[in-house]
Amino acid sequence: MKFRVSEQIEKVGFPPITEVKGWVAGRPGNGPPLIDLCQAVPDYPPAPELLAYLKEQLDDPRTARYTPDEGLPEVRGAVCDRYRRRYAAKMEPDHLCLTVGASQAFWLAIMTLCRAGDEMILQAPCYFDHPMALEALKVRPVFAPFDESGKGLPNPEVIGRLITPRTRAILLVTPSNPTGTVIPPALLTELYLLARKHRIALVVDETYADFVAASPHELFTIPDWHGTLVQIMSFGKTYALTGFRAGLLAGSPEVVQHALKIQDTMVVCQPHLTQLALKFGVEHLDDWVEANRLLMDFRHNLFVNRFTQPGNRFRLAASGSFFAWVRHPFSHLNGRQVARRLVDEAGILCLPGEVFGPGLEGYLRLALGNLRENMIPETIRRFREMGGP
Ligand SMILES: Cc1ncc(COP(=O)(O)O)c(C=O)c1O
(Lines give C-alpha, C1' and ligand atoms only; values in the text may rest on other atoms or scores of the structure.)
Protein backbone atom coordinates (compact mmCIF):
# COMPACT_ATOMS: atom_id res chain seq x y z
CA MET A 1 0.00 0.00 0.00
CA LYS A 2 1.46 3.37 -1.00
CA PHE A 3 -0.57 5.45 1.43
CA ARG A 4 -1.29 5.35 5.13
CA VAL A 5 -4.51 4.20 6.70
CA SER A 6 -5.73 6.57 9.42
CA GLU A 7 -3.78 5.93 12.64
CA GLN A 8 -7.09 6.12 14.46
CA ILE A 9 -8.59 3.30 12.42
CA GLU A 10 -5.42 1.22 12.80
CA LYS A 11 -6.05 1.26 16.56
CA VAL A 12 -9.54 -0.24 16.21
CA GLY A 13 -9.77 -4.04 16.51
CA PHE A 14 -10.93 -6.15 13.56
CA PRO A 15 -14.51 -7.53 13.61
CA PRO A 16 -14.44 -10.59 15.90
CA ILE A 17 -17.02 -12.65 14.00
CA THR A 18 -14.87 -12.51 10.87
CA GLU A 19 -11.84 -13.55 12.91
CA VAL A 20 -13.60 -16.44 14.60
CA LYS A 21 -15.22 -17.71 11.39
CA GLY A 22 -11.71 -17.75 9.89
CA TRP A 23 -10.70 -20.43 12.43
CA VAL A 24 -13.12 -22.90 10.86
CA ALA A 25 -11.05 -23.06 7.69
CA GLY A 26 -8.19 -24.71 9.62
CA ARG A 27 -10.35 -27.45 11.19
CA PRO A 28 -9.36 -31.06 10.61
CA GLY A 29 -11.66 -32.57 7.94
CA ASN A 30 -12.52 -35.61 10.08
CA GLY A 31 -13.86 -33.58 13.04
CA PRO A 32 -17.52 -33.56 14.16
CA PRO A 33 -19.95 -31.33 12.18
CA LEU A 34 -19.68 -27.72 13.25
CA ILE A 35 -22.21 -26.25 15.70
CA ASP A 36 -22.28 -22.52 15.04
CA LEU A 37 -23.05 -20.49 18.17
CA CYS A 38 -21.12 -17.51 16.90
CA GLN A 39 -23.54 -14.98 15.40
CA ALA A 40 -26.84 -13.84 16.89
CA VAL A 41 -29.09 -14.60 13.93
CA PRO A 42 -32.46 -16.38 14.06
CA ASP A 43 -32.22 -19.61 12.07
CA TYR A 44 -35.84 -19.49 10.85
CA PRO A 45 -36.86 -17.78 7.59
CA PRO A 46 -38.91 -14.57 7.31
CA ALA A 47 -42.72 -14.89 7.35
CA PRO A 48 -43.92 -16.30 3.98
CA GLU A 49 -46.66 -13.64 3.68
CA LEU A 50 -44.01 -10.94 4.06
CA LEU A 51 -41.92 -12.45 1.27
CA ALA A 52 -44.97 -12.76 -0.99
CA TYR A 53 -45.83 -9.09 -0.39
CA LEU A 54 -42.26 -7.98 -1.16
CA LYS A 55 -42.21 -9.94 -4.43
CA GLU A 56 -45.23 -7.91 -5.57
CA GLN A 57 -43.58 -4.66 -4.52
CA LEU A 58 -40.52 -5.40 -6.64
CA ASP A 59 -42.70 -5.12 -9.76
CA ASP A 60 -43.54 -1.52 -8.88
CA PRO A 61 -40.78 0.76 -10.23
CA ARG A 62 -41.37 3.22 -7.35
CA THR A 63 -39.79 0.65 -5.02
CA ALA A 64 -36.48 1.28 -6.74
CA ARG A 65 -36.44 4.98 -5.80
CA TYR A 66 -35.03 6.97 -2.89
CA THR A 67 -37.39 7.88 -0.07
CA PRO A 68 -37.13 10.90 2.25
CA ASP A 69 -33.97 10.66 4.37
CA GLU A 70 -35.86 9.78 7.54
CA GLY A 71 -38.09 7.23 5.77
CA LEU A 72 -41.55 7.22 4.22
CA PRO A 73 -44.12 8.99 6.43
CA GLU A 74 -46.57 6.07 6.19
CA VAL A 75 -43.87 3.64 7.37
CA ARG A 76 -42.88 5.83 10.31
CA GLY A 77 -46.57 6.23 11.13
CA ALA A 78 -47.09 2.47 11.17
CA VAL A 79 -43.98 1.99 13.31
CA CYS A 80 -45.29 4.62 15.77
CA ASP A 81 -48.52 2.66 16.08
CA ARG A 82 -46.51 -0.40 17.04
CA TYR A 83 -44.65 1.58 19.71
CA ARG A 84 -48.00 2.77 21.04
CA ARG A 85 -49.23 -0.85 21.20
CA ARG A 86 -46.10 -2.28 22.79
CA TYR A 87 -44.86 0.53 25.02
CA ALA A 88 -47.93 2.83 25.29
CA ALA A 89 -45.42 5.28 23.82
CA LYS A 90 -46.02 8.99 23.45
CA MET A 91 -44.52 8.98 20.01
CA GLU A 92 -45.04 10.73 16.66
CA PRO A 93 -43.45 10.00 13.28
CA ASP A 94 -41.06 12.96 13.63
CA HIS A 95 -39.43 11.14 16.56
CA LEU A 96 -38.15 8.48 14.17
CA CYS A 97 -35.39 8.11 11.62
CA LEU A 98 -35.28 4.75 9.80
CA THR A 99 -31.71 3.49 9.44
CA VAL A 100 -29.55 0.83 7.83
CA GLY A 101 -29.76 -1.50 10.80
CA ALA A 102 -29.32 -0.61 14.45
CA SER A 103 -25.62 -0.38 13.59
CA GLN A 104 -26.10 2.78 11.53
CA ALA A 105 -28.54 4.17 14.11
CA PHE A 106 -25.73 3.91 16.66
CA TRP A 107 -23.39 5.87 14.38
CA LEU A 108 -26.08 8.54 14.03
CA ALA A 109 -26.44 8.66 17.82
CA ILE A 110 -22.70 8.99 18.47
CA MET A 111 -22.13 11.60 15.79
CA THR A 112 -25.16 13.64 16.82
CA LEU A 113 -24.33 13.57 20.54
CA CYS A 114 -20.55 13.45 20.84
CA ARG A 115 -17.44 15.26 19.68
CA ALA A 116 -14.00 13.68 19.39
CA GLY A 117 -12.55 13.49 22.91
CA ASP A 118 -15.94 13.10 24.61
CA GLU A 119 -16.87 10.02 26.63
CA MET A 120 -19.70 7.51 26.54
CA ILE A 121 -20.32 5.10 29.43
CA LEU A 122 -20.88 1.48 28.41
CA GLN A 123 -21.98 -1.38 30.60
CA ALA A 124 -19.58 -4.32 30.29
CA PRO A 125 -19.80 -6.84 28.83
CA CYS A 126 -20.88 -4.78 25.86
CA TYR A 127 -21.69 -5.49 22.22
CA PHE A 128 -18.28 -5.32 20.52
CA ASP A 129 -19.38 -3.03 17.68
CA HIS A 130 -20.18 -0.27 20.17
CA PRO A 131 -16.63 0.41 21.43
CA MET A 132 -15.33 -0.19 17.89
CA ALA A 133 -17.60 2.57 16.54
CA LEU A 134 -16.73 4.90 19.42
CA GLU A 135 -13.00 4.38 18.94
CA ALA A 136 -13.27 4.96 15.19
CA LEU A 137 -14.90 8.32 15.99
CA LYS A 138 -12.41 9.18 18.76
CA VAL A 139 -15.06 9.03 21.47
CA ARG A 140 -13.71 7.34 24.60
CA PRO A 141 -15.65 4.27 25.79
CA VAL A 142 -15.73 4.23 29.60
CA PHE A 143 -16.62 0.75 30.83
CA ALA A 144 -18.79 0.09 33.89
CA PRO A 145 -17.32 -3.23 35.08
CA PHE A 146 -19.16 -6.53 34.82
CA ASP A 147 -20.53 -7.78 38.14
CA GLU A 148 -21.22 -11.48 37.82
CA SER A 149 -23.24 -11.60 41.04
CA GLY A 150 -25.69 -9.12 39.51
CA LYS A 151 -25.68 -10.94 36.12
CA GLY A 152 -24.18 -7.83 34.56
CA LEU A 153 -27.06 -5.50 35.42
CA PRO A 154 -25.95 -1.86 35.48
CA ASN A 155 -25.53 -0.29 38.91
CA PRO A 156 -26.64 3.38 39.00
CA GLU A 157 -24.13 4.20 41.77
CA VAL A 158 -21.22 2.75 39.81
CA ILE A 159 -22.34 4.48 36.62
CA GLY A 160 -22.90 7.75 38.49
CA ARG A 161 -19.27 7.71 39.63
CA LEU A 162 -18.07 7.36 36.02
CA ILE A 163 -19.81 10.53 34.83
CA THR A 164 -17.38 13.38 34.12
CA PRO A 165 -17.74 16.75 32.38
CA ARG A 166 -16.72 14.90 29.20
CA THR A 167 -19.57 12.36 29.39
CA ARG A 168 -22.20 12.82 26.71
CA ALA A 169 -24.22 9.64 27.14
CA ILE A 170 -24.79 6.40 29.00
CA LEU A 171 -25.33 3.46 26.65
CA LEU A 172 -27.36 0.47 27.77
CA VAL A 173 -28.31 -2.65 25.85
CA THR A 174 -31.41 -4.51 27.01
CA PRO A 175 -31.77 -7.45 26.61
CA SER A 176 -27.98 -7.51 26.72
CA ASN A 177 -25.78 -8.87 24.03
CA PRO A 178 -23.79 -10.90 25.25
CA THR A 179 -25.41 -11.85 28.58
CA GLY A 180 -29.10 -11.91 27.63
CA THR A 181 -29.84 -10.04 30.87
CA VAL A 182 -32.93 -7.83 30.74
CA ILE A 183 -32.81 -4.56 32.69
CA PRO A 184 -35.96 -4.40 34.87
CA PRO A 185 -38.18 -1.38 34.05
CA ALA A 186 -37.68 0.26 37.48
CA LEU A 187 -33.89 0.11 37.16
CA LEU A 188 -34.06 1.53 33.66
CA THR A 189 -36.16 4.43 34.96
CA GLU A 190 -33.55 5.03 37.68
CA LEU A 191 -30.80 5.18 35.07
CA TYR A 192 -32.95 7.48 32.92
CA LEU A 193 -33.33 9.85 35.90
CA LEU A 194 -29.58 9.69 36.54
CA ALA A 195 -28.86 10.71 32.94
CA ARG A 196 -31.49 13.44 33.11
CA LYS A 197 -30.02 14.83 36.35
CA HIS A 198 -26.62 15.12 34.66
CA ARG A 199 -28.12 16.50 31.43
CA ILE A 200 -26.62 13.72 29.36
CA ALA A 201 -28.36 11.30 26.99
CA LEU A 202 -29.47 7.80 27.86
CA VAL A 203 -28.98 5.72 24.71
CA VAL A 204 -30.81 2.40 24.90
CA ASP A 205 -30.20 -0.29 22.29
CA GLU A 206 -33.17 -2.67 22.22
CA THR A 207 -32.20 -4.89 19.33
CA TYR A 208 -33.59 -7.97 21.16
CA ALA A 209 -36.63 -6.28 22.75
CA ASP A 210 -39.11 -8.43 20.84
CA PHE A 211 -37.79 -11.51 22.58
CA VAL A 212 -39.10 -10.23 25.93
CA ALA A 213 -42.72 -11.02 26.86
CA ALA A 214 -43.97 -7.90 28.54
CA SER A 215 -43.62 -4.26 27.52
CA PRO A 216 -39.87 -3.83 28.03
CA HIS A 217 -40.05 -0.51 29.97
CA GLU A 218 -42.06 2.61 30.68
CA LEU A 219 -39.65 5.27 29.46
CA PHE A 220 -41.70 6.12 26.37
CA THR A 221 -44.69 6.99 28.55
CA ILE A 222 -42.79 9.91 30.15
CA PRO A 223 -44.17 13.02 28.37
CA ASP A 224 -40.72 14.46 27.53
CA TRP A 225 -38.89 11.11 27.21
CA HIS A 226 -36.98 12.45 24.22
CA GLY A 227 -35.35 15.16 26.33
CA THR A 228 -33.08 12.39 27.67
CA LEU A 229 -33.71 9.14 25.81
CA VAL A 230 -32.39 8.08 22.43
CA GLN A 231 -33.51 4.58 21.46
CA ILE A 232 -31.82 2.36 18.94
CA MET A 233 -33.82 -0.46 17.51
CA SER A 234 -33.25 -3.25 15.04
CA PHE A 235 -36.00 -5.20 13.31
CA GLY A 236 -33.46 -7.62 11.88
CA LYS A 237 -33.98 -10.20 14.63
CA THR A 238 -37.69 -9.35 15.13
CA TYR A 239 -38.66 -10.27 11.56
CA ALA A 240 -35.67 -12.54 10.71
CA LEU A 241 -34.52 -9.92 8.22
CA THR A 242 -30.96 -9.27 9.37
CA GLY A 243 -29.78 -8.87 5.77
CA PHE A 244 -32.42 -6.22 5.07
CA ARG A 245 -30.67 -3.90 7.53
CA ALA A 246 -33.84 -2.64 9.18
CA GLY A 247 -33.15 -0.32 12.10
CA LEU A 248 -34.18 3.00 13.53
CA LEU A 249 -33.24 5.78 15.84
CA ALA A 250 -35.95 7.27 18.09
CA GLY A 251 -35.38 10.60 19.78
CA SER A 252 -36.56 14.19 19.88
CA PRO A 253 -37.48 15.86 16.58
CA GLU A 254 -34.40 18.06 17.16
CA VAL A 255 -32.05 15.06 17.51
CA VAL A 256 -33.63 13.48 14.43
CA GLN A 257 -33.19 16.69 12.40
CA HIS A 258 -29.50 16.92 13.32
CA ALA A 259 -29.03 13.20 12.67
CA LEU A 260 -30.42 13.69 9.17
CA LYS A 261 -27.35 15.76 8.28
CA ILE A 262 -25.32 12.60 8.79
CA GLN A 263 -27.98 10.30 7.35
CA ASP A 264 -28.06 12.25 4.10
CA THR A 265 -24.30 12.04 3.61
CA MET A 266 -23.97 8.48 4.85
CA VAL A 267 -26.77 6.45 3.27
CA VAL A 268 -29.51 8.96 2.23
CA CYS A 269 -32.22 6.60 3.42
CA GLN A 270 -32.99 3.11 4.60
CA PRO A 271 -33.49 0.97 1.47
CA HIS A 272 -37.01 1.46 0.12
CA LEU A 273 -37.73 -2.28 0.01
CA THR A 274 -36.68 -2.58 3.65
CA GLN A 275 -39.14 0.17 4.57
CA LEU A 276 -41.94 -1.73 2.84
CA ALA A 277 -40.94 -4.89 4.69
CA LEU A 278 -40.96 -3.00 7.98
CA LYS A 279 -44.43 -1.55 7.36
CA PHE A 280 -45.79 -4.97 6.48
CA GLY A 281 -44.15 -6.46 9.57
CA VAL A 282 -45.46 -3.91 12.06
CA GLU A 283 -48.96 -4.07 10.55
CA HIS A 284 -49.35 -7.84 10.13
CA LEU A 285 -46.79 -9.88 12.03
CA ASP A 286 -47.39 -9.38 15.77
CA ASP A 287 -48.57 -13.01 16.14
CA TRP A 288 -45.65 -14.34 14.08
CA VAL A 289 -43.20 -12.39 16.26
CA GLU A 290 -44.82 -13.73 19.42
CA ALA A 291 -44.65 -17.34 18.13
CA ASN A 292 -40.93 -16.94 17.49
CA ARG A 293 -40.39 -15.34 20.87
CA LEU A 294 -41.95 -18.43 22.42
CA LEU A 295 -39.76 -20.68 20.26
CA MET A 296 -36.59 -18.89 21.34
CA ASP A 297 -37.72 -18.92 24.94
CA PHE A 298 -38.32 -22.66 24.77
CA ARG A 299 -34.89 -23.32 23.27
CA HIS A 300 -33.24 -21.11 25.85
CA ASN A 301 -34.96 -22.79 28.79
CA LEU A 302 -34.13 -26.26 27.48
CA PHE A 303 -30.51 -25.27 26.93
CA VAL A 304 -30.13 -23.73 30.38
CA ASN A 305 -31.81 -26.65 32.09
CA ARG A 306 -29.41 -29.17 30.52
CA PHE A 307 -26.30 -27.01 30.60
CA THR A 308 -26.56 -26.45 34.34
CA GLN A 309 -26.93 -30.14 35.29
CA PRO A 310 -24.01 -31.37 37.45
CA GLY A 311 -20.91 -32.54 35.62
CA ASN A 312 -20.35 -29.57 33.30
CA ARG A 313 -17.14 -27.67 33.99
CA PHE A 314 -18.44 -24.72 31.93
CA ARG A 315 -20.61 -22.57 34.21
CA LEU A 316 -23.56 -20.43 33.16
CA ALA A 317 -22.90 -16.89 34.43
CA ALA A 318 -25.96 -15.25 32.84
CA SER A 319 -28.42 -15.96 30.05
CA GLY A 320 -31.52 -14.75 28.26
CA SER A 321 -33.49 -15.69 25.21
CA PHE A 322 -30.77 -15.23 22.60
CA PHE A 323 -27.58 -15.71 24.61
CA ALA A 324 -25.69 -17.70 27.19
CA TRP A 325 -22.70 -16.06 28.88
CA VAL A 326 -20.50 -18.82 30.17
CA ARG A 327 -17.46 -19.02 32.44
CA HIS A 328 -14.94 -21.47 31.04
CA PRO A 329 -12.96 -23.78 33.33
CA PHE A 330 -9.42 -23.12 32.00
CA SER A 331 -7.92 -20.52 34.32
CA HIS A 332 -4.57 -20.43 32.45
CA LEU A 333 -6.21 -19.77 29.04
CA ASN A 334 -7.93 -16.68 27.73
CA GLY A 335 -11.29 -16.78 25.96
CA ARG A 336 -9.70 -16.76 22.50
CA GLN A 337 -7.57 -19.80 23.32
CA VAL A 338 -10.56 -21.68 24.72
CA ALA A 339 -12.81 -20.69 21.80
CA ARG A 340 -10.14 -21.99 19.39
CA ARG A 341 -9.90 -25.26 21.28
CA LEU A 342 -13.69 -25.59 21.15
CA VAL A 343 -13.53 -25.27 17.36
CA ASP A 344 -10.73 -27.80 16.98
CA GLU A 345 -11.68 -30.33 19.65
CA ALA A 346 -15.48 -30.03 19.97
CA GLY A 347 -16.59 -28.50 16.68
CA ILE A 348 -18.28 -25.59 18.49
CA LEU A 349 -17.95 -22.03 17.24
CA CYS A 350 -18.51 -19.24 19.79
CA LEU A 351 -17.07 -15.88 20.76
CA PRO A 352 -14.36 -15.25 23.36
CA GLY A 353 -15.37 -13.07 26.32
CA GLU A 354 -12.61 -10.51 25.86
CA VAL A 355 -14.17 -9.13 22.67
CA PHE A 356 -16.98 -7.79 24.90
CA GLY A 357 -14.77 -5.58 27.04
CA PRO A 358 -11.64 -5.52 29.18
CA GLY A 359 -10.97 -8.25 31.76
CA LEU A 360 -13.48 -10.76 30.36
CA GLU A 361 -11.01 -13.45 29.22
CA GLY A 362 -12.65 -16.00 31.54
CA TYR A 363 -15.93 -16.00 29.57
CA LEU A 364 -17.45 -17.15 26.29
CA ARG A 365 -20.60 -16.01 24.53
CA LEU A 366 -22.90 -18.60 23.04
CA ALA A 367 -25.55 -17.27 20.64
CA LEU A 368 -28.59 -19.55 20.75
CA GLY A 369 -30.45 -18.26 17.68
CA ASN A 370 -28.95 -20.98 15.52
CA LEU A 371 -29.42 -23.82 18.00
CA ARG A 372 -32.38 -26.00 17.09
CA GLU A 373 -33.98 -28.09 19.78
CA ASN A 374 -32.65 -31.36 18.35
CA MET A 375 -29.04 -30.10 18.55
CA ILE A 376 -29.18 -29.03 22.20
CA PRO A 377 -28.30 -32.41 23.81
CA GLU A 378 -25.38 -32.93 21.40
CA THR A 379 -24.06 -29.39 22.00
CA ILE A 380 -24.11 -29.86 25.74
CA ARG A 381 -22.48 -33.28 25.47
CA ARG A 382 -19.58 -31.67 23.61
CA PHE A 383 -19.10 -29.06 26.34
CA ARG A 384 -19.20 -31.73 29.04
CA GLU A 385 -16.67 -33.92 27.27
CA MET A 386 -14.23 -31.10 26.60
CA GLY A 387 -11.11 -32.41 28.29
CA GLY A 388 -7.74 -30.96 29.10
CA PRO A 389 -6.30 -29.02 32.01
C1 LIG B 1 -26.85 -5.17 20.72
C2 LIG B 1 -26.84 -5.06 19.24
N3 LIG B 1 -27.00 -3.87 18.67
C4 LIG B 1 -27.00 -3.74 17.34
C5 LIG B 1 -26.82 -4.81 16.52
C6 LIG B 1 -26.81 -4.62 15.03
O7 LIG B 1 -28.09 -4.72 14.55
P8 LIG B 1 -28.37 -4.50 12.99
O9 LIG B 1 -28.14 -5.81 12.33
O10 LIG B 1 -29.79 -4.05 12.93
O11 LIG B 1 -27.41 -3.45 12.52
C12 LIG B 1 -26.65 -6.08 17.05
C13 LIG B 1 -26.45 -7.24 16.17
O14 LIG B 1 -26.16 -8.32 16.55
C15 LIG B 1 -26.64 -6.20 18.45
O16 LIG B 1 -26.46 -7.39 19.03
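In this tour, helices and strands are DSSP runs, numbered from the N terminus, with at least four residues for a helix and at least two for a strand. The model is predicted.

**Stop 1: a loop with a cis bond**

Select Pro175, which is found in the loop between β5 and α8. The peptide bond that joins Thr174 to Pro175 is cis, with omega about -10°. Now go to Pro125, in the loop between β3 (119-123) and α6 (129-136). Here too there is a cis peptide bond, running from Ala124 to Pro125, with omega near -5°. Most peptide bonds are trans.

**Stop 2: the seven-stranded sheet**

Select the strands β2 to β8. Seven strands form an open sheet here, in the order β2-β8-β7-β6-β5-β3-β4, and the pairing is mixed. The edges are held by β2 (96-100) and β4 (140-144), each of which pairs on one side only. Averaged over the sheet and ignoring direction, neighbouring strands are turned by 20° against each other.

Zoom in on residues 201-205, strand β6, and residues 229-234, strand β7; the two pair in the parallel sense over four bridges. To find one of these pairings, select Val204, whose bridge partner in β7 is Gln231.

Which helix packs on this sheet, touching β5, β6 and β7? Select residues 185-197: this is helix α8, and its direction makes about 145° with that of β6.

**Stop 3: two residues with positive phi**

Most residues other than glycine have a negative phi. Two residues to select next depart from that pattern.

Start with Lys151, in the loop between β4 and α7 (156-162). Lys151 is not a glycine, yet its phi is positive, at about 55°. Then select Ala240, in the loop between β7 and β8 (246-250). Its phi is near 50°, again a positive value in a residue other than glycine.

Are these residues buried or partly exposed? Lys151 has 17 other C-beta atoms within 10 Å, so it is partly exposed. Ala240 has 22 C-beta neighbours inside 10 Å and therefore counts as buried. The cut-off for buried is 20 or more other C-beta atoms within 10 Å.

**Stop 4: the ligand**

Select the ligand and the residues around it. How many residues surround the ligand? There are 13, and the closest are Gly101, Ala102, Ser103, Asn177 and Ser234. Helix α5 (residues 101-113) gives the largest share of this shell, with three residues. Coloured by class, the shell shows four nonpolar residues, eight polar ones and one charged.

**Stop 5: the four-stranded sheet**

Move to the strands β9, β10, β12 and β13. Four strands form an open sheet in the order β9-β10-β13-β12, with antiparallel pairing. Why is one side of β9 and of β12 left without a neighbour in the sheet? β9 (315-320) and β12 (351-352) stand at the edges and each has a single partner strand, so one side of each stays free of a neighbour in the sheet.

Select β9 together with strand β10 (residues 323-327): five bridges join this antiparallel pair. Ala318 is a place to look, since its bridge partner in β10 is Trp325. Next add residues 286-307, helix α11, which lies across β9 and β10 and runs at about 170° to β9.

**Stop 6: Trp23**

Select Trp23, in helix α2 (residues 16-24). Leaving aside residues up to four places away in sequence, Trp23 touches Arg340 and Val343. Trp23 and Arg340 are 317 residues apart along the chain, while their C-alpha atoms are separated by 7.2 Å. Trp23 has 16 other C-beta atoms within 10 Å and is partly exposed.

**Stop 7: the two domains**

Zoom out and colour the chain by domain. Domain 1 covers 7-45 + 288-384, and domain 2 covers 64-284. Taken over C-alpha atoms, the centres of the two domains are 25 Å apart.

Now select the contact between them, where 30 residues of domain 1 meet 27 residues of domain 2. On the domain 1 side, α1 (7-11), α11, β9 and β10 each supply at least two residues. The largest share of that side, four residues, comes from β9. By class, the side of domain 1 that touches domain 2 has 20 nonpolar, seven polar and three charged residues.

How values were computed:
Residues numbered from 1 in each chain as written. Predicted model: local features only at pLDDT ≥ 70, side-chain atom pairs only at ≥ 80, totals over all residues. Near = placed C-beta within 6 Å. Nonpolar A, V, L, I, M, F, W, Y, C, P; charged D, E, K, R; others polar. Pairing = 2+ DSSP bridges. Contact = placed C-beta atoms within 7 Å. Axes fitted to C-alpha atoms, helices over the stretch in contact; angles between N-to-C directions. Buried ≥ 20, exposed ≤ 12 C-beta atoms within 10 Å, placed from the backbone. Domains from an automatic or database assignment.
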